[in-house]
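Visitor: Hello! I am new to reading protein structures, and I would like a close look at one part of this one. Could you walk me through it slowly?

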Amino acid sequence: MPCDGLATCPGCILSSACPRGERTNIMKICQKCMDTPELYDWLYLGFMAMLPLVLHWFFIEWYTGKKSSSALFQHITALFECSAAAVVTLLVNDPVGELAIRSCRVQMLSDWYTMLYNPSPNYVDTLHCTQEAVFPLYTIVLIYYAFCLVFMMMLRPLLVKKIACGLGKTDRFKSIYAALYFFPILTVLQAVGGGLLYYAFPYIILVLSLVTLAVYMSASEIQSFKNLVAKKKRLVVLFSHWLLHAYGIISITRLDNLKQDLPLLALVPGPALFYLLTARFTEPNRILSEGGNGH
């Protein structure tokens with residue numbers, strides 16, 4: 001029903017914010033969120049879900065990849081942990097027990113930061129009307145991170161203790177210790193910058209995937225197709241980055257126009273091909289030798 005006074009939040013629910021799962025409509029009345037997430041919303045959630053998995057894989061490889069054959073099992077375990085956390089997160093969110101979610105459509109950046117728009121009707125007292133106007137995109141990520149942490153603490157220590165015998169007692173748990181650091185960081189990142197990430201993540205994916213691919217190929221001294229196919233691991237890394245390139249392109253275009261957007265996926269191999277074709281011209285030893293010869 002409409003508001004009778006000014007000293008209430010939009011929605012007039014006991015002078016407080018709308019309940020979780022609701023937001024105000026154009027009439028300033030609380031209304032239940034019944035929309036289904038758009039493709040871009042799912043891509044955003046996928047990006048936020050990939051962050052802990054990629055960080056898990058990075059630290060597992062960093063601490064155990066070259067020292068122990070257990071790295072593969074830890075990679076698989078990390079994938080299982082994040083996948084199980086994603087499924088459970090969907091099941092516990094509304095509608096409970098279904099692998100689906102209902103949502104409120106994101107209309108503008110301020111929807112993510114309702115705490116910054118608490119009204120002051122008499123310019124003295126502030127009404128705290130903070131609500132999740134982007135339900136459930138804000139809290140579902142935090143819930144997912146919590147389940148990721150729980151599953152990791154339940155499974156990973158037992159696995160590492162059983163199969164990582166080739167590592168010292170300190171080294172074998174370092175990838176787990178790293179997760180205990182990056183999960184709080186990811187939580188704060190979502191809590192503070194969730195709205196900014198929602199609009200910027202496609203470009204973040206593209207930039208980071210391009211930079212990390214160039215760094216990897218340079219560090220691995222890959223300067224030709226022969227070097228690239230010499231090891232299966234290099235191909236896995238390459239195809240993984242290609243998937244990230246495609247993910248970023250799809251997120252930017254949102255596939256609104258398939259005839260126009262799908263051909264852009266042909267650009268995915270471009271950066272790797274450009275690197276391989278130009279790497280020999282920028283090889284430091286070649287440059288130094290040519291400089292010494294006066295060329």
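Which residues make the nonpolar surface patch of about 380 Å²?

Guide: Happy to help! Keep in mind that what you see is a predicted model. The nonpolar patch on the surface is made by Leu72, Phe73, Ile76 and Ile163, and its area is about 380 Å². Helix H2, which covers residues 71–92, gives the most to this patch, with three residues. Ile163 sits in another element, helix H3, which spans residues 139–163. Ile163 has a relative accessibility of 31%, so this residue counts as partly exposed.

Now let us place the patch in the whole protein. The protein has nine helices and two strands. Starting at the N terminus, the order of the elements is β-β-α-α-α-α-α-α-α-α-α. Of the 295 residues in the protein, 37% are buried.

Helix H2 also leads us to the pockets. Rolling a probe the size of a water molecule over the atoms shows where empty space is left. The largest pocket has a volume of about 1900 Å³. Its lining is formed by 40 residues, and those nearest the centre of the pocket are Val54, Trp57, Phe58, Val237 and His241. Two or more lining residues come from each of helix H1 (39–64), H2, helix H4 (174–219) and helix H6 (232–253). Sorted by kind, the lining of the largest pocket has 26 nonpolar, eight polar and six charged residues.

The second largest pocket has a volume of about 630 Å³. Here 24 residues form the lining, with Arg23, Thr24, Asp111, Gln131 and Ala133 nearest the centre. Both strands appear in this lining: strand S1 (22–24) and strand S2 (30–32) each supply at least two residues. The lining of the second largest pocket divides into 10 nonpolar, eight polar and six charged residues.

Next, look for pairs of charged side chains. Side chains of opposite charge can pair when their charged atoms come close. Searching the whole structure gives six salt bridges, and we can visit some of them.

Begin with Glu38 and Arg105, whose closest N and O atoms are 3.3 Å apart in a salt bridge. Glu38 belongs to the loop between S2 and H1, while Arg105 belongs to the loop between H2 and H3, so this pair ties together parts that are 67 residues apart in sequence. Glu38 is partly exposed because its relative accessibility is 35%. Arg105 is also partly exposed, with a relative accessible area of 31%.

Another salt bridge joins Glu61 and Lys233, where the closest N and O atoms are 2.5 Å apart. Glu61 lies in helix H1 and Lys233 in helix H6, so the pair links distant parts of the chain, 172 residues apart. Glu61 counts as partly exposed at 27% relative accessibility, and Lys233 counts as partly exposed at 44%.

Finally, find Arg102 and Asp94, whose side chains meet in a salt bridge of 2.4 Å, N to O. Arg102 is buried because its relative accessible area is 11%, and buried means under 20%. Asp94, at 27% relative accessibility, counts as partly exposed. To return to where we began, turn the model until you can see Leu72, Phe73, Ile76 and Ile163 in their nonpolar patch.

Conventions
Residues are numbered from 1 along each chain as its sequence is written. This is a predicted model: local features need pLDDT of at least 70, side-chain atom pairs count only at pLDDT 80 or more; totals for chains, interfaces and linings use all residues. Side-chain values use heavy atoms; hydrogens and water are left out. Patches are made of residues with over 30% relative accessible area and no salt bridge: like charges are joined within 9 Å, nonpolar side chains (Val, Leu, Ile, Met, Phe, Trp, Tyr) within 5 Å. Accessible areas come from the Shrake-Rupley method with a 1.4 Å probe; for residues, only the protein chains shown count as cover. A salt bridge is a side-chain nitrogen of Lys or Arg within 4 Å of a carboxyl oxygen of Asp or Glu. Helices (H or I, at least four residues) and strands (E, at least two) are DSSP runs, numbered from the N terminus. Buried means under 20% relative accessible area, exposed over 50%, partly exposed in between (1.4 Å probe, protein chains only). On a 1 Å grid over the protein atoms alone, a cavity is a set of points where a 1.4 Å probe fits but cannot get out, and a pocket is an open set with protein on both sides within 12 Å along at least five of seven lines; lining residues have an atom within 4 Å of a point. Grid points are joined across faces, edges and corners, and a volume is the space filled by probe spheres set on the points. Ala, Val, Leu, Ile, Met, Phe, Trp, Tyr, Cys and Pro count as nonpolar, Asp, Glu, Lys and Arg as charged, and the others, Gly among them, as polar.
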